[in-house]
Amino acid sequence: MSAHFSEFSNLWVYLAASPLLGLTATLLAYQVAYKLYEKAKFNPLANPVAIAVILLVFLLTLTHTPYKTYFNGAQFVHFLLGPATVALAIPLYQQLGKLKRDWFAFLAGALLGSAAAIVSAMCIAWLFGASVVTILSIAPKSVTMAIAMGIAEKVGGLPSLTAVLVMITGILGATMARGLLNLLKIKDESIRGFALGVSAHGIGTARAFQVSEQMGAFAGLAMGISGLLTALILPFALHLAKLT
């Protein structure tokens, strides 16, 4: 038994030196997570992103692999997030007619939705006695992770804490949105998708695309607009409030 474990350890040390380790581990973890997601009949609680992250954290902890070593390979997947985000414009272009008719309503919805997400999160954190750093870290939690972490760093929050809060927000949003929107009797798929994009960023957008292309297109639009508005307005608003 010990001989087999020793051989495995030697093999792992050899593989860990290759950048392809992080890439392979990421793809395999997501594949396993998505299979579990399918078996759960696409229940939002079995979100494949969250499960894949848990599997990767367990693997890296078990093998004592530094995150930097892992990311040397995983950065290839990270790079593809850019083109994937830009590709969201394709299904949105197919909804151009509706976008032209209702552009002001969508813009106002993104502005009000982003403001509500920021103010409510900061107020709840303040009521529970959170520190200023924690409050600043939680403020951008409803926008996509890359933007949220950049904002957190800019305003004096902790980007690592913000990343965790962004993921939790996305998972909760994707899990609760359907029931809440049904309760509010909102049937229009463009509005349902837009609400998911504003409140649950990329994870919500992925969930919206599973329902329909139209819903996913407007979720992607909301994610982009709310991210831009938050990045432009939040640092300035916090400065005026003398929190930074």
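Colleague: What makes helix H2 (residues 20-39) close to the expected span in this predicted model?

Modeller: H2 has 20 residues. The expected span is 1.5 Å times one less than the number of residues, which gives 28 Å for H2. From the first C-alpha to the last, H2 reaches 29 Å, close to that value.

Colleague: Which residues of H2 are buried?

Modeller: Leu21, Gly22, Ala25, Thr26, Ala29, Ala33 and Tyr37 are buried in H2. To be called buried, a residue must have under 20% relative accessible area.

Colleague: Why do you say that the buried residues of H2 line one face of the helix?

Modeller: Seen down the axis of H2, the buried residues fall within an arc of 130°, so they line one face. The face turned away from the buried side carries the exposed residues Leu20, Leu27, Leu28 and Lys39. Exposed means over 50% relative accessible area.

Colleague: What comes just after H2?

Modeller: Lys41 does, with a positive phi of about 60°.

Colleague: How do you know what span to expect for helix H3 (residues 48-63)?

Modeller: The same rule, 1.5 Å times one less than the number of residues, applies to a helix. For H3, with 16 residues, the expected value is 22 Å, and H3 reaches 22 Å from its first C-alpha to its last. The buried residues of H3 are Pro48, Ala50, Ile51, Ala52, Leu56, Leu60 and Thr63. Just after H3, His64 takes a positive phi of about 55°.

Colleague: What makes up the protein chain as a whole, in helices and strands?

Modeller: The chain has twelve helices and zero strands. Why is it called as compact as a globular protein of its length? The globule rule gives 18 Å for 244 residues, and the radius of gyration is 20 Å, close to that, so the chain is as compact as a globular protein of that length. Along its principal axes the C-alpha trace spans about 65 × 45 × 30 Å. Buried residues make up 39% of the 244 residues.

Colleague: Why is an empty space called a cavity and not a pocket?

Modeller: In a cavity a 1.4 Å probe fits but cannot get out, whereas a pocket is an open set. The count comes to one cavity of 30 Å³ or more. About 50 Å³ of space lies in the largest cavity, so by volume it passes the 30 Å³ cut-off.

Colleague: Which residues line the largest cavity?

Modeller: Among them are Ser114, Ala117, Ile118, Lys141, Val198, Ser226 and Thr230. H7 and helix H12 (213-240) each supply at least two residues of the lining. H7 gives the most, with three. By class, the lining has six nonpolar, four polar and one charged residues.

Colleague: What is the volume of the second largest pocket, and which residues are closest to its centre?

Modeller: The second largest pocket has a volume of about 630 Å³. Of the 27 residues that line this pocket, the closest to its centre are Lys141, Thr169, Gly173, Leu180 and Ser199. Lys141 is also among the residues that line the largest cavity.

Colleague: How do you know which helices take part in the lining of the second largest pocket?

Modeller: Helix H7 (103-127), helix H10 (159-183) and helix H11 (189-211) each supply at least two residues of that lining. The largest share, nine residues, comes from H10. The lining divides into 19 nonpolar, seven polar and one charged residues.

Terms used
Residues numbered from 1 in each chain as written. Predicted model: local features only at pLDDT ≥ 70, side-chain atom pairs only at ≥ 80, totals over all residues. Heavy atoms only, no water. 1 Å grid on protein atoms, 1.4 Å probe; cavity = no way out; pocket = protein on both sides within 12 Å on 5 of 7 lines; lining within 4 Å. Helix = DSSP H or I, 4+ residues; strand = E, 2+ residues; numbered from the N terminus. Nonpolar A, V, L, I, M, F, W, Y, C, P; charged D, E, K, R; others polar. Buried < 20%, exposed > 50% of the residue type's maximum accessible area, 1.4 Å probe, protein only. Arc of directions from axis to C-beta. Rg over C-alpha atoms; globule rule 2.2 N^0.38 Å.
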